[in-house]
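Here's a quick tour of one protein chain, seen from the inside out. Have the structure open beside you and follow along.

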Amino acid sequence: MAERHIELRAAQASDVAALKQVLRDTFEGTWLPHITPASARRYAEQDIGNRYVDRSWREFVVAEVDGGIAGLLHRRGDFIEALHVRASHQGQGIGRRLLSHAEQVMAAEGFAQARLETDTFNLPAQTLYKAVGYVEKDRYPDDEWDSGFTTILFEKKFGGPMS
């Protein structure tokens, strides 16, 4: 298969519906199989994913492939709030490209590191983060999903041998 062109750009208002679909896809494929039924109901009833996009899309960087939104990254300061890649586009380097872009921006803004979190059940995310130089710094109870998960905090220092 020929390598696809991945364009990274700031999210636009016209992307909002596609961004919501990316979150819906990753919620259904990543979290839904692991969270409690009560947490799944709360997520749906409170429209958490759509409200998050409505509130924060202006801060997103999107990965566009073949004219469609394949992934998104949201960061604040040195913390990556969200990294989502549609299942149909995983394994194509999109997550790596989004992370690399965010790290370059953070370093240019003077941050010494990038930080992000994932849950212990999300092994594909952990594999990616470790492969690009993130190191586990802490573990603590996940208070977002109320499903008994443990969150892992990862950190990547800039300017050292791993960057």
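A nonpolar core is a set of buried Ala, Val, Leu, Ile, Met, Phe, Trp, Tyr and Cys residues whose side-chain atoms link up within 4.5 Å. Keep in mind that this is a predicted model. With that in hand, let's look at the cores, then at a strand that feeds into them, and finally at a couple of side stops.

**The cores**

- The largest nonpolar core has 24 residues, and the ones with the most contacts inside it are Ile80, Ile94, Leu99, Tyr129 and Tyr134.
- Plenty of elements chip in: β2 (60-65), β3, β4, α4, β5, α5 (123-131) and β7 (150-157) each supply at least two residues of this core.
- Helix α4 is the top contributor here, giving five residues.
- There's also another core, apart from that one, with 13 residues, including Val22, Leu23, Leu72 and Ala82.
- As a rule of thumb, nonpolar side chains in soluble globular proteins tend to be buried together.

**Strand β4 and its partners**

- Strand β4 covers residues 79-85, and six of its seven residues are buried.
- On one side, β4 pairs with strand β3 (residues 68-76) in the antiparallel sense, over six bridges.
- Those two strands make a hairpin with two residues between them, and glycine 77 in the turn has a positive phi of about 60 degrees.
- β4 also runs parallel to strand β5 (residues 113-119), joined to that strand by two bridges.
- Add helix α4 (residues 94-108), and you get a right-handed β-α-β unit made of β4, α4 and β5.

**Zooming in on isoleucine 80**

- Which residues stand opposite isoleucine 80? Arginine 75 does, and so does leucine 116 in β5.
- If you skip neighbours within four places in sequence, isoleucine 80 is in contact with Leu73, His74, Arg75, Leu99, Ala102, Met106, Arg115, Leu116 and Tyr134.
- Two of those names, Leu99 and Tyr134, should ring a bell: they are listed with Ile80 among the residues with the most contacts inside the largest core.

**Serine 56**

- You'll find serine 56 in helix α3 (residues 48-56).
- Is serine 56 buried or exposed? Its relative accessible area is 1%, so it counts as buried, for which the cut-off is under 20%.
- Again leaving out neighbours within four places in sequence, serine 56 is in contact with His74 and Arg76.

**Aromatic rings**

- The model has eight aromatic pairs.
- One aromatic cluster is formed by Phe27, Trp31, Tyr43 and Trp145.

Key
Residues numbered from 1 in each chain as written. Predicted model: local features only at pLDDT ≥ 70, side-chain atom pairs only at ≥ 80, totals over all residues. Heavy atoms only, no water. Buried < 20%, exposed > 50% of the residue type's maximum accessible area, 1.4 Å probe, protein only. Helix = DSSP H or I, 4+ residues; strand = E, 2+ residues; numbered from the N terminus. Pairing = 2+ DSSP bridges. Right-handed = clockwise from strand over helix to strand, strands pointing away. Contact = heavy atoms within 4.5 Å. Phe/Tyr/Trp six-rings, centres within 6.5 Å; stacked < 30°, edge-to-face > 60°.
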